[in-house]
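User: I'm new to reading protein models and would like a close look at just one part of this one. Could you walk me through it in plain language?

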Amino acid sequence: MSDAVIWVEGGVRDRLATLADARGMSIAVLLQEFAESTLTEVERREAFARQQDGVAES
């Protein structure tokens, strides 16, 4: 895994730290989980299309 630096305002950093702490994880892990679990607009459309295809076949 490579490291990256992401610059955010202090208030945003504090909010991320609070959210991460509440979940017992680091900000890095919080952001990784968010990135892995959040679909892009294209991925949402593709998932919706697959779901519609499945409904049509039923």
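How much space lies in the largest pocket? Please tell me what lines the pocket too, and how that part fits into the rest of the chain.

Analyst: Happy to! Keep in mind that this is a predicted model. The largest pocket holds about 360 Å³ of space.

Let's go to its walls. The lining is made of 14 residues. Nearest the centre of the pocket you'll find Ala-4, Ile-6, Ile-27, Ala-28 and Leu-31. Two helices each give at least two residues to this lining: H1, which covers 10-22, and H2, which covers 27-37. H2 supplies the largest share of the lining, with 5 residues.

Now pick out Ala-4, one of the residues nearest the pocket's centre. You'll find Ala-4 in the segment before H1. Is Ala-4 buried or exposed? Its relative accessibility is 66%, and exposed means over 50%, so Ala-4 counts as exposed. To get a feel for distances along this chain, compare Ala-4 with Gln-51: they sit 47 residues apart in sequence, and their C-alpha atoms are 35 Å apart in space.

Next, look at H1 itself, where Leu-19 is found. Leu-19 has a relative accessible area of 25%, which falls between the 20% and 50% cut-offs, so this residue is partly exposed. Leu-19 and Leu-30 are 11 residues apart in sequence, with 7.9 Å between their C-alpha atoms.

Let's step back to the whole chain. It has 3 helices and 0 strands, and reading along the sequence gives you the pattern α-α-α. The radius of gyration is 17 Å, well over the 10 Å that the globule rule gives for 58 residues, so the chain is more spread out than a compact globule. You can also look at the C-alpha trace, which spans about 50 × 25 × 25 Å along its principal axes.

What about burial in the chain as a whole? Buried residues make up 5% of the 58 residues. The accessible surface adds up to about 5300 Å², and carbon and sulfur atoms account for 55% of that.

One last thing is charge. The chain carries 6 positive and 11 negative charges, and the mean positions of the two sets are 5 Å apart.

So, back to your pocket: H1 and H2 both help to line it, and Ala-4, from the segment before H1, is among the residues nearest its centre.

Definitions and conventions. Residues numbered from 1 in each chain as written. Predicted model: local features only at pLDDT ≥ 70, side-chain atom pairs only at ≥ 80, totals over all residues. Heavy atoms only, no water. Helix = DSSP H or I, 4+ residues; strand = E, 2+ residues; numbered from the N terminus. Rg over C-alpha atoms; globule rule 2.2 N^0.38 Å. Buried < 20%, exposed > 50% of the residue type's maximum accessible area, 1.4 Å probe, protein only. Areas by Shrake-Rupley, 256 points an atom, 1.4 Å probe, with all protein chains shown as cover. Lys, Arg positive; Asp, Glu negative; His and termini not counted. Charge placed at Lys NZ, Arg CZ, Asp CG, Glu CD. 1 Å grid on protein atoms, 1.4 Å probe; cavity = no way out; pocket = protein on both sides within 12 Å on 5 of 7 lines; lining within 4 Å. Points joined across faces, edges and corners; volume = space filled by probe spheres on them.
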